Each structure stands twice: as structure tokens, then as C-alpha cells.
Amino acid sequence: MAVEYKCGGNYLSRWSRKILSALLAFIVFFLVLGIIAGILNMLGYPAFNNVFSRIMGVLFFCVFIGFTYIHAFLEKLGILNFLDIYMVGTITILFIISFFWKLLFKGYWKLILRPYMVVMTIVGFSIFYVVSNYLELEYYFLCPLFEAAGILSRFFPSYVVFFRKVVDFLNHCDAGYVFAYYVIMWIFCRINVWLSFSSKMYFLQSSEALEECKKVLKEARRKAWGLPLRMKFYVCSDKDFNAFAFAHNKVAINTGTLNESDPELLRGVVAHELGHIAHLDVTAALIAQTNFFLLFCVIMLPWLLVSSFAPKEGEKVHLSTYFIWLVFFLLMKVINGIMNSVHYVCYLIGGKRSEYAADKFAVKIGEGAGILRFFIAFIDVPSGGFSDPHPSMKNRLSHVISWISKANNKNYQNLDIEKVKSLLC
């Protein structure tokens with residue numbers, strides 16, 4: 001009997017996605033125009049570049065006027081001085097507290113055991129550091145830390161000297177880049193989630209399915225550590241029998257799964273996805289993917305080379321200019337291919353291990369029967385190849401049988417393990 005479910009809502013995420021998509025489309029549009037203008041200017045046709053420069057000047061002027069009116073309005077309300085003194089520093093302090101809270105109490109220190117995520121983070125931060133240093137943004141990155149130290153000095157005047165030494169140490173260690181990188185990753189991870197998942201997601205509303213999900217979540221919190229305090233369940237408009245975890249505290253269940261599952265099977269599937277969240281698989285993948293896209297965006301900024309390769313005014317365009325641009329675009333193509341290959345291979349390497357760990361998590365919290373039924377139902381489906389991040393169904397079934405046999409859980413007392421083992425022969 002299919003489990004009863006209700007879904008709806010999520011309009012805020014949909015509007016956020018539309019606004020962000022429109023903004024990104026606007027940015028990409030002007031980026032393409034800028035590339036075309038730079039190429040034409042190199043080829044000796046500066047007219048389009050001049051028109052593009054004037055359009056950008058008008059846009060920046062409009063933005064400047066808008067900020068001027070906002071500044072005047074806040075000043076009229078009498079809160080501008082308060083915001084100038086406390087807002088930046090307070091936000092900085094909250095980000096620092098959030099960072100250490102996640103690192104120490106949420107188990108994010110375990111992410112250092114994920115080689116793929118560590119490598120992508122090091123590469124992403126290195127590119128960010130080089131570009132930021134080239135654009136001389138260090139002062140702007142340190143300002144929030146100075147503001148935070150100033151606010152703390154106001155509330156703890158006896159520690160003023162200590163805060164000054166901390167700021168000097170942060171300045172010496174280029175900590176401003178680390179802080180700015182963390183804030184940018186925090187923002188872009190959320191943008192990545194909005195754009196990737198909000199288009200066909202609905203909230204799982206009060207129903208039998210939601211009650212079963214809450215039952216699994218309650219048992220998972222009791223027997224395992226690492227689940228976020230706020231968990232959200234969604235329904236994905238997809239007819240395939242599947243579910244997936246995303247962001248760091250969200251589980252989406254396909255309509256095909258809800259239509260074909262009974263409560264026990266649904267609980268097994270949800271327990272598996274909660275295992276991914278508890279083991280930080282989703283968090284590591286999100287951070288690595290966001291670093292990948294940031295790195296790709298930086299590499300795809302040709303205007304950083306336009307100033308170096310573009311001919312000066314009155315200078316004749318040589319054949320070497322065309323050759324440089326040809327090599328540059330071919331290099332970008334090769335780098336893109338290498339990055340995609342590394343991204344995929346590393347995902348495959350870590351994927352199989354994380355799937356086994358999520359299956360074991362489901363068995364640990366007492367939902368192994370549902371996982372067992374899922375593997376039995378799909379045991380003949382081809383899986384586990386090199387290009388598949390999931391292990392084969394038979395291997396997963398074998399592991400689950402072994403874990404259930406060793407588990408001292410009353411939920412597994414009525415399972416006929418010998419009959420299930422016969423399916424592996």
C-alpha cells in the first residue's frame with residue numbers, strides 16, 4: 001500500500017531562484033558583450049568597445065545613484081551611524097562564531113579526511129588568493145575583522161591590548177583572505193543550492209509520509225550524532241524510484257518513491273539519506289562543487305588577459321595576436337575537460353565508500369529491513385560499474401545482511417536472513 005503524502009509551498013525558493021537566475025543571466029550577457037568588445041577592439045574595431053564602455057558607465061551611474069538615495073534615506077531615519085559602527089562588525093562576529101561552531105561542535109573538522117574536497121578547496125582558495133592579491137583587495141578583507149575587534153573592545157575594554165595583538169597577528173597571516181573566502185563560499189553554496197534544486201521542489205506537508213520521516217529522524221537523533229537541528233523534507237517531481245540529500249539538512253523524495261512505497265520501505269530510503277547528511281557526504285560534495293564552479297568562473301574570465309594581449313592605440317595587429325588567442329581558448333578547453341574529469345573521477349572514488357556508510361547508518365538506527373527490501377526489488381538492475389558512484393546492488397545487499405546479522409536490534413528478529421542470502425547465489 002502506497003504511503004499517503006501531501007506537498008506544496010516553497011514559493012519563496014522559487015522566486016529567489018527566478019531573481020538569481022535573472023541576475024546571473026544579466027551578468028553573463030554583459031560578460032559576453034565585454035568579451036566581444038575586447039576581441040573587436042583587438043582586431044582594430046574600437047567602436048563597439050566604446051559603446052559598451054558607455055553602457056557600463058550608465059549602469060554604474062544608475063547603481064551609484066540608487067545607493068546614494070538608500071544612504072540618504074538611512075541617514076534621515078537616524079540609523080546610519082548605528083549601522084556604520086555596529087553592522088559590519090556584528091555580521092563578522094556572527095560569521096566567525098558560525099565557523100568555529102560548525103568546526104568544533106558540528107564535526108566539520110572531519111571534512112579534512114575528504115581528500116577530494118580538501119584538494120578542491122586548496123585549489124579554489126589559491127586561485128581566489130592570487131586574483132584578490134592582484135586586484136589589491138586585502139584592505140577590504142581586513143576591514144570587517146578590524147570592525148569586529150573594535151566592537152569587542154567596546155564591550156570588553158580590559159582586553160583592548162589582546163584584541164590589537166590578535167588583529168596584528170591576523171594581518172600578518174593574511175587572515176583577511178581566509179575570512180573573505182569563507183564568506184564567499186557560504187554565500188555561493190546557498191546560491192548553488194537554490195539554483196540547482198528549488199525549481200521542482202515542494203515542501204512535504206503534514207501527512208503519513210511526513211510522520212514516517214519524522215519517526216526515522218527521531219530514531220536517528222537518538223542513536224547517532226551529527227544530524228543538524230533543523231531538518232527539512234521535500235518532494236521532488238520525478239517518477240523515478242529515488243531520493244537524495246542536498247544542502248546540509250535537506251532530504252528530497254521523488255514522487256515515484258512516495259507512490260510505490262509503504263511506510264517501512266520509505267523509512268529505509270529516508271534513513272539512508274540521513275546517513276549521508278550525518279556523515280557530511282552532502283556537505284563535502286557541496287563545498288567541492290562550489291569550489292569547482294568558482295574555479296571554472298575564474299578561469300573563464302578572458303578579460304584578465306585582454307589588457308595584456310590587446311594592441312595599443314595605433315598599433316598594428318600582428319599574426320601573433322591571433323595565435324595567442326587561439327592557444328588561450330584551446331587551453332581553456334583543455335583545462336575545462338581536465339577539471340570535469342578530475343571532478344567526476346574523485347566523485348566516483350568517494351561515492352562507493354559513502355554509499356556503504358549510509359547503508360550501515362540505516363541498519364544502525366533500525367531501518368535495515370526497508371533497505372533490504374529496496375535492494376531485493378532492484379537486485380537485477382545493472383549497477384556498480386566504473387562510471388556508477390553506487391556499488392552494485394548485490395554487494396550492498398551482502399553488506400547489509402552482514403550488518404543486520406551482527407546488530408542486536410529487535411526490529412530484525414523476524415527477518416528471514418537465510419532466504420535473503422539465497423538471492424546472492
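# A walk through a predicted structure

Let's start with one residue: Ile191 is buried, because its relative accessible area of 19% falls under the 20% cut-off. Ile191 sits in helix H7, which covers residues 175–197. Where does the chain bring Ser21 in relation to Ile191, in space and in sequence? The C-alpha atoms of the two are 9.8 Å apart, although 170 residues separate them in sequence.

Before going on, please keep in mind that this is a predicted model.

Now let's step back to the whole chain. It has 425 residues, and 37% of them are buried. How many helices and strands does the chain have? The secondary structure comes to 16 helices and 5 strands. If we take the contacts between residues at least 6 apart in sequence, 73% of them join residues at least 24 apart.

Next, the inside. In soluble globular proteins, nonpolar side chains tend to be buried together. Here, the largest nonpolar core has 46 residues. Which members touch the most others? They are Leu204, Phe233, Ile253, Val270, Leu274 and Val400. Helix H10, residues 263–278, supplies the largest share of this core, with 8 residues.

Phe233 is a nice one to click on. Setting aside neighbours within four places in sequence, Phe233 is in contact with Tyr202, Phe203, Leu204, Leu210, Cys213, Leu217, Val251 and Val270. Two of these names, Leu204 and Val270, were also in the list of core members that touch the most others. Apart from this core lies another one, of 26 residues, and its members include Tyr234, Cys236, Ala288 and Leu294.

Val400 from that first list leads us to helix H14. Ala369 and Val400 are 31 residues apart in sequence, and their C-alpha atoms are 9.3 Å apart in space. Ala369 belongs to helix H14, and at 9% relative accessibility Ala369 is buried. Beyond its neighbours within four places in sequence, Ala369 is in contact with Glu264, Tyr412 and Leu415. Is helix H14 mostly covered or mostly uncovered? This helix, residues 368–377, is mostly covered, with 7 of its 10 residues buried. Those buried residues are Gly368, Ala369, Gly370, Ile371, Leu372, Phe374 and Phe375.

For contrast, look at Leu152 in helix H5, which runs over residues 138–155. Leu152 counts as partly exposed, because its relative accessibility is 27% and the buried class ends at 20%. Not counting neighbours within four places in sequence, Leu152 is in contact with Ile93 and Phe163. Its C-alpha atom lies 9.4 Å from that of Thr90, a residue 62 places away along the chain.

Let's move to helix H6, residues 160–172. Its 13 residues reach 18 Å from the first C-alpha to the last, close to the 18 Å expected at 1.5 Å a residue. Just after H6 comes Asp174, with a positive phi of about 55 degrees.

That brings us to backbone angles. Most residues other than glycine have a negative phi. Ala247, though, has a positive phi near 55 degrees. Where is Ala247? It lies in the loop between strand E4, residues 243–246, and strand E5, residues 250–254. Ala247 is buried, with a relative accessible area of 8%.

Ala247 also turns up beside Thr283, a residue of helix H11, residues 281–299. Not counting residues up to four places away in sequence, Thr283 touches Tyr108, Leu111, Ala247 and His248. Thr283 is buried too, with a relative accessible area of 7%.

Leu280 has a positive phi as well, near 65 degrees. Leu280 is found in the loop between H10 and H11, and at 5% relative accessibility it counts as buried.

Leu280 is our way into the last stop, the empty space. Rolling a probe the size of a water molecule over the atoms shows where empty space is left. How many cavities of 30 Å³ or more does a search of the whole structure find? It finds 1. The largest cavity has a volume of about 30 Å³. Its lining is made of Lys106, Gly107, Lys110, Trp225, Gly226, Ala278 and Leu280. By class, that lining has 3 nonpolar, 2 polar and 2 charged residues.

To finish, try finding two residues from today's tour on your own screen: Ile191 in helix H7, and Leu280 in the loop between H10 and H11. Thanks for listening!

Methods
Residues are numbered from 1 along each chain as its sequence is written. This is a predicted model: local features need pLDDT of at least 70, side-chain atom pairs count only at pLDDT 80 or more; totals for chains, interfaces and linings use all residues. Side-chain values use heavy atoms; hydrogens and water are left out. A nonpolar core is a set of buried Ala, Val, Leu, Ile, Met, Phe, Trp, Tyr and Cys residues joined through side-chain atoms within 4.5 Å. Buried means under 20% relative accessible area, exposed over 50%, partly exposed in between (1.4 Å probe, protein chains only). Helices (H or I, at least four residues) and strands (E, at least two) are DSSP runs, numbered from the N terminus. Contact means heavy atoms within 4.5 Å. On a 1 Å grid over the protein atoms alone, a cavity is a set of points where a 1.4 Å probe fits but cannot get out, and a pocket is an open set with protein on both sides within 12 Å along at least five of seven lines; lining residues have an atom within 4 Å of a point. Grid points are joined across faces, edges and corners, and a volume is the space filled by probe spheres set on the points. Ala, Val, Leu, Ile, Met, Phe, Trp, Tyr, Cys and Pro count as nonpolar, Asp, Glu, Lys and Arg as charged, and the others, Gly among them, as polar. The expected span of a helix is 1.5 Å times one less than its number of residues.
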